[in-house]
Amino acid sequence: MNAPSIAARVLIVDDHVDCAESLAQLLGMAGYDVRIAHDGLQAVALAEAWRPQAIVLDIALPGIDGHEVGRRIRASGWGAYALLIGVSGWDEDFRPGKPGSAGFDHRMVKPIDFDALERLLPSALSAPSIARAG
């Protein structure tokens, strides 16, 4: 694990508590500043208040699904610059042309390959960042 030189803020959104906490612990050990949300509405509120640079977003969520969470985040000014990684246990959630596309930068099928995720996260620090303002 290569620790980032600046602690990027990463929001993990997953209703499976153990999965979210395990991933948060690994990312925390890798030097990221991590927070967790367990449902869609909580994710939108936390994202707006905290403005993470990267969001690891499960699709199947209570409240509102990950596609809707992604749309709401992308619609905010800062959210256009966040790295949005969609995660699902079902590859079909990401089929081309599926209604409800949320503008994901990357898609991953569970179980998450931590090494692959860790290779994606540095791009969150190199993107223009309204998220860091305010």
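This is a short guided tour of one protein chain, with suggestions for what to select in your viewer and what you will find there.

**Start with the whole chain**

Before you click on anything, keep in mind that this is a predicted model. Show the chain as a cartoon and look for its five helices and five strands. If you follow the cartoon from the N terminus, the elements come in the order β-α-β-α-β-α-β-β-α-α. The chain has 134 residues, and 44% of them are buried. Now switch on the surface: it comes to about 6600 Å², and 54% of that belongs to carbon and sulfur atoms. Contacts across the chain are worth a thought too: among those between residues at least 6 apart in sequence, 64% join residues at least 24 apart.

**Select the strands**

Hide the helices for a moment and colour the strands. In what order do the five strands of the open sheet lie? Reading across, you find S2-S1-S3-S4-S5, with parallel pairing. Strand S2 (33-37) and strand S5 (106-109) are at the edges with a single partner strand each, so one side of each has no neighbour in the sheet. Turn the view and look along the sheet: neighbouring strands are turned by 20 degrees against each other on average, direction ignored.

**Bring back two helices**

Select helix H1, residues 17-29. This helix packs on the sheet and touches strand S1 (9-13), S2 and strand S3 (54-58). Compare the direction of H1 with that of S2, and you get an angle of about 170 degrees. Next, select helix H2, residues 40-50, which also packs on the sheet, touching S1 and S2. The direction of H2 makes about 150 degrees with that of S2.

**Zoom in on strand S4**

Select residues 83-88, which form strand S4. Are the residues of this strand buried or exposed? Six of the six residues in S4 are buried. In a regular strand, side chains alternate between the two faces of the sheet. Show the side chains here and check each face: Leu83, Ile85 and Val87 are on one side, Leu84, Gly86 and Ser88 are on the other, and all are buried.

Now look at the strands beside S4. S3 and S4 run parallel and are joined by five bridges, while four bridges join S4 to S5, also parallel. Click on Gly86: this residue is the bridge partner of Leu57, and Gly86 also stands opposite Arg107 in S5. Move along to Ser88, which stands opposite Val109 in S5.

To see how the chain gets from S3 to S4, trace the backbone. The path goes through helix H3, residues 66-75, and this β-α-β crossover is right-handed.

**Look inside: the nonpolar cores**

Select Val10, Leu27, Ile85, Leu117 and Leu121 and show them as spheres. In the largest nonpolar core, which has 21 residues, these five touch the most other members. S1, H1, S3, S4 and helix H4 (114-120) each supply at least two residues of this core. Which residues does Leu117 touch, leaving out those up to four places away in sequence? They are Leu23, Leu27, Val56, Ile85, Met108 and Ile112. Apart from this core lies another, of 18 residues, including Ile55, Ile59, Ile64 and Ala82.

**Two backbone surprises**

Most residues other than glycine have a negative phi, and most peptide bonds are trans. Your next two stops go against that pattern. Select Pro111, in the loop between S5 and H4. The peptide bond from Lys110 to Pro111 is cis, with omega near -5 degrees. Then go to Arg51, in the loop between H2 and S3. Phi of Arg51 is positive, near 50 degrees, and this residue is partly exposed, with a relative accessible area of 25%.

**Last stops: two pairs to measure yourself**

Find Ala30 in the loop between H1 and S2. Ala30 is buried, with a relative accessible area of 1%. Draw a distance from its C-alpha atom to that of Glu118: the two residues are 88 apart along the chain, and the separation is 8.7 Å.

Finish at Leu125, in helix H5, residues 122-126. Leu125 is partly exposed, with a relative accessible area of 21%, because buried means under 20%. Its C-alpha atom is separated by 7.1 Å from that of Gln53, 72 residues away along the chain.

Terms used: Residues are numbered from 1 along each chain as its sequence is written. This is a predicted model: local features need pLDDT of at least 70, side-chain atom pairs count only at pLDDT 80 or more; totals for chains, interfaces and linings use all residues. Side-chain values use heavy atoms; hydrogens and water are left out. Two strands pair if DSSP finds at least two bridges between them. Axes are lines fitted to C-alpha atoms, for helices over the stretch in contact, and angles run from 0 to 180 degrees between N-to-C directions. Contact means heavy atoms within 4.5 Å. Buried means under 20% relative accessible area, exposed over 50%, partly exposed in between (1.4 Å probe, protein chains only). A nonpolar core is a set of buried Ala, Val, Leu, Ile, Met, Phe, Trp, Tyr and Cys residues joined through side-chain atoms within 4.5 Å. Accessible areas come from the Shrake-Rupley method with a 1.4 Å probe; for residues, only the protein chains shown count as cover. A crossover is right-handed if, with the strands pointing away from the viewer, the path from the first strand over the helix to the second runs clockwise.
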